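Welcome! Here are a few short exercises, each followed by a worked solution. Take a look at the model first, then try each task before reading on.

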Amino acid sequence: MLAEAEVSAREGQDAQAKTIAEQAAELSAASELAARAHLVAARAAHMLCDDAGTLANAARAIALTRLSHIRIQARRFELMNAVESENGRARDLLALLRNERHRTPEQTLLLSQATGLIALLADGDVRQAVRELESGRALLHHVADPIHRTAFLNVLATALLWFAEYERALQVIILQIDDASAAGLDFAVEHALTAQAGAHIGLRQLGAAQRILNDLESRASSAFISNEIHLLGARLRAAAGDLERAEILVRGSVVGGGITQSARGERLGLRALYLAAKGDLSAARLAIRAGRQTSTYLQAQSFGDLALAIIDLQEGDESEFQQRNHDRIARVLKLGQLDPLVHACRAYPPLARWAASDEVFAHELTKVLAGSRDVAVGRAAGLKMPRELRKTEVLSNRENEVYELLAQGRSNGEIAKTLFISESTTKVHVRHIFEKLKVHSRAEAAAAKVRTDT
């Protein structure tokens, strides 16, 4: 039964794994076997965001075992639960893990993962999280269990995404997918794919991101992954200039379990950002307040701060908001919360223009927007964007679809109707096509593409 529970957990069948593992623990006369079963049940409960089940099974595993590696793994689930439920116990549990003697590479990797996760989510210090996790990465090839390797890689990829290091994140994600696939860890593959979609959105590779989201929709095995698909879909729409659909995707609260507090907070933070960018300032303030009441972690706080900056830019007296916004952007840059900044500048380009008026901010913003391939946003803000970024760019799948109709002489309105997208989104695609082909008119675009095809 324990073996069956392990297989179910690896396949992402967490409810089944929890039930079978708990039954195996009840039937076992051997305390160490029962402890192992409770450990599997704790892992499955953790994946289900079942706080009570996670803590009860972890406590039973600790009580039954004399083996340090079982105890440390159980402490890990207690710590992960504390991080995700934001109950304030995470640092105390981390201290308990650090006090364990005779640590193995696997246990040291776990410590690095936990330390990085707390720095990332609880402290919002993305730079520190990346430093911690990159230092722990050297231990990966000394760790035998693929579950521990892929879990670490998942946190590292997440930190790199929030740091707007999208190319580096993709390299880590490929390792995670390869490792998880070879070990039959279907749930780990799903988590890696959400990160991969996020990295492609960060790089404005929207067609690649959409294909991954389509794949995830057909295979999502948990409420957490389903919620991530909605959040990523909203980010993709916003990157394409469609704030209306982006806001609709994150409208309303998440019903049911399986979703962490930070994920709920991120949803509200994103909605606040989109509402502020659209000019619905009163609704944006309500969403900011709800997000901060839901979660104290990075996702809700960073998007909430940037939404407030956008609100101030639209309605505040300059003498009042100037220092507030300066402090907000300075904090974002200092802590490395760069992906939210990229997202905010895409949703509301005047924010980039305001930040670019500060010499220090302008230097940092140029690097950030160059890395996210937001050449148009940067130039509109008055930044000197490097030209060489566009030399090797190719059209995305959607841009190719728009281009084929454009080359036939279709108007933006006709293209929008044919492809079932908004006219404003079509204009965004046409602008990107012009930039990538280095042309200034539709006729030049058609001729330029013919030359590149031949």
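**Exercise 1.** Which residue forms a salt bridge with Arg75?

Solution. Keep in mind that this is a predicted model. Start from the cut-off: a side-chain nitrogen of Lys or Arg must lie within 4 Å of a carboxyl oxygen of Asp or Glu. The partner of Arg75 is Glu78, and their closest N and O atoms are 2.9 Å apart. Next, place the two residues: both belong to helix α5 (residues 68-85), and because they are three residues apart, about one helical turn separates them. Finally, widen the view: a search of the whole structure finds 26 salt bridges.

**Exercise 2.** Describe how helix α17 meets helix α19.

Solution. Two packed helices are described by the angle between their axes and the distance between the axes. Begin with α17 (residues 298-315) and α19 (residues 338-347): their axes come within 10 Å and cross at roughly 35°. Then add the handedness, which is right-handed for this crossing. Now look at the side facing each partner: α17 brings Ser302, Phe303, Leu306 and Ile310, which meet Pro340, Leu341, His343 and Ala344 of α19. Sorted by class, this contact has six nonpolar residues, two polar ones and no charged ones.

**Exercise 3.** Over which ring does the charged end of Arg235 sit?

Solution. The ring belongs to Trp162, and the charged end of Arg235 is 5.8 Å from the ring centre. As a last step, turn to ring pairs: the structure holds one aromatic pair.

Technical notes:
Residues numbered from 1 in each chain as written. Predicted model: local features only at pLDDT ≥ 70, side-chain atom pairs only at ≥ 80, totals over all residues. Heavy atoms only, no water. Phe/Tyr/Trp six-rings, centres within 6.5 Å; stacked < 30°, edge-to-face > 60°. Lys NZ or Arg CZ within 6 Å of the ring centre and 35° of its normal. Axes fitted to C-alpha atoms, helices over the stretch in contact; angles between N-to-C directions. Helix = DSSP H or I, 4+ residues; strand = E, 2+ residues; numbered from the N terminus. Left-handed = near helix turned anticlockwise from the far one by under 90°. Contact = heavy atoms within 4.5 Å. Nonpolar A, V, L, I, M, F, W, Y, C, P; charged D, E, K, R; others polar.
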